[in-house]
Amino acid sequence: MVPKMMRAIAAFQTLPIRDEASLQDVWLPVPTPRPNDVLVKILAISVNPVDVRIRHALHGQKRPHVLGFDAVGEIVQLGADVRDFTVGDRVFYFGSTQRSGSNAEYQLVDYRLIAKAPQRLTLGQTAALPMTAVTAWELLFERMSIPAAAHATHGSMLVINAAGGVGSILVQLAQWAGLDVIAVASRVNWPWLQKYGIHKLADYHSDLTPQVQALGYDMVDYIATLYDPVPYFGAIADLIAPMGHVGSIVATDDSLPVAWLKNKSVSLDWEYVFSKSDYAYQMATQGQILQRLSALLDAGALRSTIAYNFHGINARNLRQAQAMLETKNTIGKITLQAPFDGEAKALDDIVWKDPQSYADETLVAFPSRRPDDGDRRAGTDSGQRHLVHPTGRPSDRGKDRQH
């Protein structure tokens, strides 16, 4: 029996994450499915940097915003047009920016965006994967046109920010597809990557070009940059092979000198995992990708990227999880597992604060330019932007070197 009310964790305004009012336990009505919806009882969730960015954009809004994307749960109700799923199915997904999120006991999600959850993984292990795994899959196999099959290709790939949430699954998928992977991360996170079979490693604190060359590569066939591409673009232009692909999941406020890629006929590929649901474009393909990922996880071809797990989904644990993300020092994924056990309040009892008093602190709480897996880059002053190519121009070294 589905109840009429549910616990949820909501944000109402932009506040520093240490403030108890930044995320609050509340009572909300359980939503009713539309024709293409399933109603899912949430069993576990994970947090993503996008949750923090959305929370920081809630300027003076008093309605409850339930954040969260990644989830694993059990279907409890079906919309009239839902196919291929039944009540009781355990599913995983990452939802949409257009709808209320997964930080609630019950969530509506379009059935085209979901898949049956892997059977061999725990709830936390499963919740860690949907958004990052689909992001990695789409970047590799749709944007960069790498064949999506085991050992179907060959060549080399450099992955920048490889120890983060997307990087930790992307390096696995790239290896599964047959690529030789070179991972860029802080040295402290090299053991994390080594457990996924990555043994060619570079440290972002130092110039990437000589490090990659020392590993035996003059140039590489693919580069995936999973952090702001601007500070790395000189090394990217130098290291990418002719006819290669450079893929990015991160936007930048600065202009990229894409002309540096022109003489090598290099493709620049952008990936934004919400493009399909934002524009109702081939949405069912994301459920299909999750289905393939589920099979690979059950077969042991991929491993979960869970790094931290909280027992209990409540405002206190979620604030701590988001605070960890704000440090930009986490590896893998952070998950929270049911029950929803916060002391929920009615909306009429919610604390409301003057956001002006926190304006400066809010900006400080979430630095905009730091690597996800370590300290500021060596030789980079705070706020300084680097667009200088290491050699002053894209390399014109011979084409017949090792790729």
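Let's start with the overall layout: this protein has 11 helices and 16 strands. Keep in mind that what you're looking at is a predicted model. Of its 403 residues, 56% are buried. The chain also brings together stretches that sit far apart in sequence: take the contacts between residues at least 6 apart in sequence, and 74% of them join residues at least 24 apart.

Now for a pair of helices. Find helix α3, residues 130–143, and helix α4, residues 165–177. Two packed helices are described by the angle between their axes and the distance between the axes. Here the axes of α3 and α4 come within 8 Å and cross at roughly 45 degrees. That angle is why α3 counts as oblique to α4. As for handedness, the crossing of α3 and α4 is right-handed.

Which residues do the touching? On the α3 side you'll find T132, A133, T135, A136, W137, L139, L140 and F141. They meet G165, V166, I169, L170, L173, A174, W176 and A177 in α4. Sort the residues of this contact by type and you get 13 nonpolar, 3 polar and no charged.

Next, look at the aromatic rings. A search of the whole structure turns up 8 aromatic pairs. One of them is F233 with W260: the ring centres are 6.3 Å apart and the planes sit at 35 degrees, so this pair is tilted. The two partners come from distant parts of the chain, 27 residues apart. F233 belongs to helix α7 (residues 233–239), while W260 is in the loop between β13 (240–248) and β14 (267–270). Are these two residues buried or exposed? Both F233 and W260 are buried. Elsewhere, ring pairs tie F69, F94, Y272 and F274 together into a cluster.

Let's go back to that loop between β13 and β14, since S265 lies there too. Its backbone is worth a look. Most residues other than glycine have a negative phi, and most peptide bonds are trans. S265, though, has a positive phi of about 55 degrees even though it is not a glycine. With a relative accessible area of 44%, S265 is partly exposed.

K328 also has a positive phi, about 60 degrees, and it isn't a glycine either. You'll find K328 in the loop between α10 (315–326) and β16. Is K328 buried or exposed? Its relative accessibility is 11%, and buried means under 20%, so K328 counts as buried.

Stay with β16 for a moment, because there's a backbone feature there that concerns the peptide bond. The bond joining A338 and P339 is cis, with omega at about 25 degrees. P339 is found in strand β16 itself, which covers residues 333–340.

One last stop: S186, in the loop between β10 (180–184) and α5 (190–194). Does being in a loop tell you where S186 sits, or do you need a number? Here the number is 8% relative accessibility, so S186 counts as buried. How far apart are the C-alpha atoms of S186 and Y204? They are separated by 6.2 Å, although the two residues are 18 residues apart along the chain.

Technical notes. Residues are numbered from 1 along each chain as its sequence is written. This is a predicted model: local features need pLDDT of at least 70, side-chain atom pairs count only at pLDDT 80 or more; totals for chains, interfaces and linings use all residues. Side-chain values use heavy atoms; hydrogens and water are left out. Rings of Phe, Tyr and Trp (its six-membered ring) pair if their centres lie within 6.5 Å; planes under 30 degrees apart count as stacked, over 60 as edge-to-face and the rest as tilted. Helices (H or I, at least four residues) and strands (E, at least two) are DSSP runs, numbered from the N terminus. Buried means under 20% relative accessible area, exposed over 50%, partly exposed in between (1.4 Å probe, protein chains only). Axes are lines fitted to C-alpha atoms, for helices over the stretch in contact, and angles run from 0 to 180 degrees between N-to-C directions. Angles under 35 degrees count as roughly parallel, over 145 as roughly antiparallel, 65 to 115 as roughly perpendicular and the rest as oblique. A crossing is left-handed if the near helix is turned anticlockwise from the far one by less than a right angle, and right-handed if clockwise. Contact means heavy atoms within 4.5 Å. Ala, Val, Leu, Ile, Met, Phe, Trp, Tyr, Cys and Pro count as nonpolar, Asp, Glu, Lys and Arg as charged, and the others, Gly among them, as polar.
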